[in-house]
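Subject: Structure handover

Hello,

Please find the structure below, handed over for your own inspection. My notes on it follow.

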Amino acid sequence: MAAHQNDTNPTGISDFLLNCFVRSPRWQLWLSLPLSLLFLLAMGANAILLITIRLEASLHEPMYYLLSLLSLLDIVLCLTVIPKVLAIFWFDLRPISFSACFLQMYIMNSFLAMESCTFMVMAFDRYIAICHPLRYPSIITDQFVLKAVIFIVARNIFMCGPIPILSARLHYCRRNVIENCICANMSVSRLSCDDVTLNRLYQFAGGWTLLGSDLILIFLSYFLILRAVLKLRAEGAVAKALSTCGSHFILILFFSTILLVFVLTHVAKRKVSPDVPVLLNVLHHVIPAALNPIVYGVRTQEIKQGIQKLLKKGW
């Protein structure tokens, strides 16, 4: 599609073309079915989890409110990315408007950071539950959850706002083909005729400040939890304590492992196909979303019982 002038923005183009898997076009055919199944699983599992927590009175507790927030973030991230990717795979609908591209960029960056921050708050919740159980009801209250949600949303809305703004202000005068399935910041910015040093610096500094600080606090919480657990003397106390935070730790591993592999492939981009980071970027928006509610549903007895009650009422 030829680039053409648009009077509504200062750039020389009005839309972009998303070009998935430039060097491995056959991947689109093979990935379309598993990706669509993962998407349906993510939507269905998170919807069931949200309905269960909403309808089951025994789940109206701070920990499950945070889990509901995580499910909402997963749903938004999936809906922002996967339908467009599947439209490209199935119908070759590669064009994306200038405004839609930068909106997608903003939602991906801000909601991914919100998800990381939610994991951090959940880690603090588990730390208090295990290391200070007598103080848990007075510290982790509904008011605490409300304040935490406000902090999660406000921090990441304002911190991630400059990312699409910096990209949108650039002048796109030549190419409009993004070699990615999504409007990732640097994939878009590198098409510009302007200097993108500021974009790179903010993406790097912002990413490591937000995600890096969250991961440090998460693993610090689990270090303190492990240290406290190993001091327990009562029979079965260690297993019970570890089971309490096991589901959460598994979710963090899903989230951080895919993110780490994605970063490492970018660092070693000369040794791997450029399509690999693109694939990992897409999968990072759907695999954790599909697995998060399943892990909690399988490992948490209260949620499992709530889902069973919901299914019985449905029948």
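Between which two helices is the loop that holds arginine 190? Arginine 190 has its place in the loop between H7 and helix H8 (197–229). Before going further, please note that this is a predicted model, and the values below are computed from it.

Overall content

The protein chain has twelve helices and three strands. It has 315 residues, of which 50% count as buried. Taking contacts between residues at least 6 apart in sequence, 78% join residues at least 24 apart.

Around H7

Back to arginine 190. This residue has a relative accessible area of 43% and is therefore partly exposed. Its C-alpha atom is separated by 8.9 Å from that of isoleucine 178, and the two residues are twelve apart along the chain.

Isoleucine 178 also turns up in the surroundings of serine 187, which belongs to helix H7 (residues 185–189). Not counting residues up to four places away in sequence, serine 187 touches Ile178 and Asn180. The relative accessibility of serine 187 is 9%, so the residue counts as buried. With the side chain of asparagine 180, the serine 187 side chain makes a polar contact at 3.0 Å.

Asparagine 180 itself is in the loop between strand E3 (177–178) and H7. Although in a loop, asparagine 180 is buried, because its relative accessible area of 4% falls under 20%. Besides the side-chain contact with serine 187, a polar atom of the asparagine 180 side chain lies 3.5 Å from the backbone nitrogen of isoleucine 182.

Which residues is asparagine 180 in contact with, leaving aside its neighbours within four places in sequence? They are Leu18, Asn19, Cys20, Ser187, Val278 and Asn281. A further pairing can be given by C-alpha distance: asparagine 180 and aspartate 275 are 8.1 Å apart in space and 95 residues apart in sequence.

A serine in H3

Serine 116 is found in helix H3 (residues 98–131). Its relative accessible area is 1%, so serine 116 is buried. Leaving out residues up to four places away in sequence, serine 116 touches Leu211, Asp214, Ile218 and Phe255. One of these, aspartate 214, makes a polar contact through its side chain with the side chain of serine 116, at 2.9 Å.

Helix packing at H11

Two helix pairs share H11 as a partner. Two packed helices are described by the angle between their axes and the distance between the axes.

The first pair to look at is H2 (residues 62–91) with H11 (residues 287–299), which pack at an angle of about 155° with their axes 9 Å apart. Angles over 145 degrees count as roughly antiparallel, and H2 and H11 are therefore roughly antiparallel to each other. Their crossing is left-handed. On the H2 side the residues that meet H11 are Leu67, Leu70, Asp74 and Cys78, and on the H11 side the residues are Pro288, Ala289, Asn292 and Tyr296. By class, this contact of H2 with H11 has six nonpolar residues, one polar and one charged.

The second pair is helix H1 (residues 27–55) with H11, where the axes come within 8 Å and cross at roughly 40°. H1 passes H11 in a left-handed crossing. From H1, the residues Leu38, Leu41, Ala42, Ala45, Asn46 and Leu49 meet Ile287, Ala289, Ala290, Pro293 and Ile294 of H11. Sorted by class, the contact of H1 with H11 has ten nonpolar residues, one polar and no charged ones. Ala289 is listed in the contact with H2 and in the contact with H1.

A backbone detail after H2

Where is aspartate 92 placed? Aspartate 92 is in the loop between H2 and strand E2 (95–97). Most residues other than glycine have a negative phi. The phi of aspartate 92 is near 55°, a positive value in a residue other than glycine. With a relative accessible area of 49%, aspartate 92 is partly exposed, because the cut-off for exposed is over 50%.

Regards

How values were computed
Residues are numbered from 1 along each chain as its sequence is written. This is a predicted model: local features need pLDDT of at least 70, side-chain atom pairs count only at pLDDT 80 or more; totals for chains, interfaces and linings use all residues. Side-chain values use heavy atoms; hydrogens and water are left out. Axes are lines fitted to C-alpha atoms, for helices over the stretch in contact, and angles run from 0 to 180 degrees between N-to-C directions. Helices (H or I, at least four residues) and strands (E, at least two) are DSSP runs, numbered from the N terminus. Angles under 35 degrees count as roughly parallel, over 145 as roughly antiparallel, 65 to 115 as roughly perpendicular and the rest as oblique. A crossing is left-handed if the near helix is turned anticlockwise from the far one by less than a right angle, and right-handed if clockwise. Contact means heavy atoms within 4.5 Å. Ala, Val, Leu, Ile, Met, Phe, Trp, Tyr, Cys and Pro count as nonpolar, Asp, Glu, Lys and Arg as charged, and the others, Gly among them, as polar. Buried means under 20% relative accessible area, exposed over 50%, partly exposed in between (1.4 Å probe, protein chains only). A polar contact is a pair of N or O atoms within 3.5 Å; within protein, one must be able to donate a hydrogen and the other to accept it, and residues adjacent in sequence count only if both atoms are side-chain atoms.
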